[in-house]
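Visitor: Could you take me through one part of this model up close? I'd like the details with their cut-offs, and then a sense of the chain around that part.

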Amino acid sequence: MGSDWLQFVAGGLTAGAIYALVALGYSIVYNASHAINFAQGEFVMVGGMAAVALVAAGLPLLLAVPLAVLAAGVVGVLVEKLALEPAQRSGRADVVTLIIITIGVALFLRGLAQVVWGKGIHALPAFSGSEPLALLGATIVPQSLWVLAGTTLAVLGLGWFFGRTLTGKAMRATAHNPLAARLMGIDTRAVMRLSFALAAALGALGGVLTAPITFTTYDVGVMLGLKGFAAAMLGGLGSFAGAVAGGLLLGLVESLGAGFVSSAYKDAIAFVVILVVLFFLPGGLVGARRSERV
């Protein structure tokens with residue numbers, strides 16, 4: 001029984017780390033635009049599929065991975081520039097309109113990926129072999145350690161970026177009060193583009209890290225996007241600490257529920273979490289970000 005617990009916890013932390021990366025992307029865009037980017041899951045797909053395509057083209061994995069993350073970041077900038085910016089400049093785009101636009105972008109990216117890469121399931125080579133490791137009675141694939149390490153480094157990097165750099169502080173100021181930020185000379189339009197680039201890069205990192213374990217396909221971002229949204233809601237939409245906590249907690253609950261109850265309910269757990277949070281904990285575990293508008 002003890003080894004079963006450890007096995008489920010290990011699997012839950014691995015999945016939860018990916019959900020945390022996706023949830024962080026939701027929080028970054030929400031802070032910048034006050035809208036929810038439902039194309040976040042497609043950035044996960046773009047990262048994984050781009051990495052597979054680059055490796056198939058002959059590039060080494062060490063080069064294909066950062067290029068795939070960079071490519072997804074460029075896609076994120078294009079999404080903001082071509083889809084959201086024109087709507088916002090028109091002055092008639094409220095939050096609901098922006099959300100609908102991101103849903104349309106998600107459908108477009110999914111369809112484009114189906115045309116470019118097909119409907120097949122694609123595998124990315126493991127970063128350091130696929131021989132399972134024995135740890136305290138549990139069996140862990142080495143790629144799971146890469147997932148946990150990659151997520152940890154991404155979270156620490158974001159913490160340093162937002163806390164120590166001038167650009168990061170400008171993004172925080174824009175999130176807190178966009179009007180005051182503009183009056184202080186901050187280019188809030190550039191902040192929006194950077195927010196989408198960071199969100200896309202985080203999603204792509206999750207897609208690249210998990211592709212050797214779960215494989216990837218053109219529609220892999222649908223469920224990961226919804227679970228990342230559930231994690232962001234659970235932790236408190238707009239809170240970075242909440243996104244990480246919500247992702248890890250959702251992964252653990254999902255894994256333990258599948259292990260001790262039934263795997264048939266695994267995907268339903270995320271939707272139950274959304275309903276519970278909306279009814280009983282609308283601010284999330286950490287508390288949703290609130291800003292004063294003047």
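**A close look at one helix**

Guide: Let's start from the outside: the accessible surface of the chain comes to about 13,800 Å², and 71% of that belongs to carbon and sulfur atoms (areas by the Shrake-Rupley method with a 1.4 Å probe, with only the protein chains shown counting as cover for residues). Bear in mind that this is a predicted model, where local features need pLDDT of at least 70, side-chain atom pairs count only at pLDDT 80 or more, and totals for chains, interfaces and linings use all residues. Residues are numbered from 1 along each chain as its sequence is written, and side-chain values use heavy atoms, with hydrogens and water left out.

Now for the part itself, helix α8, residues 188-214 (helices are DSSP runs of H or I, at least four residues, and strands are runs of E, at least two, numbered from the N terminus). With 27 residues at 1.5 Å a residue, α8 should span 39 Å, and its end C-alpha atoms are 38 Å apart, which agrees (the expected span is 1.5 Å times one less than the number of residues). Still, α8 has a kink of about 25 degrees at V208, shortly before the proline P212 (the bend is the angle between axes fitted to the seven residues ending there and the seven starting there).

How do the ends look? At the N-terminal end, D187 acts as a cap, with a side-chain oxygen 3.2 Å from the backbone nitrogen of R189 (a polar contact is a pair of N or O atoms within 3.5 Å; within protein, one must be able to donate a hydrogen and the other to accept it, and residues adjacent in sequence count only if both atoms are side-chain atoms). Just after α8, F215 takes a positive phi of about 65 degrees.

As for cover, 20 of the 27 residues of α8 are buried (under 20% relative accessible area; exposed is over 50%, partly exposed in between, with a 1.4 Å probe and protein chains only). One residue to look at here is E80, found in helix α3, residues 61-89. E80 counts as buried, at 0% relative accessibility. Leaving aside neighbours within four places in sequence, the contacts of E80 include R189, M192, R193 and F196 (contact means heavy atoms within 4.5 Å).

Stepping back, the chain has 11 helices and two strands, and buried residues make up 47% of its 294 residues. Among contacts between residues at least 6 apart in sequence, 78% join residues at least 24 apart.
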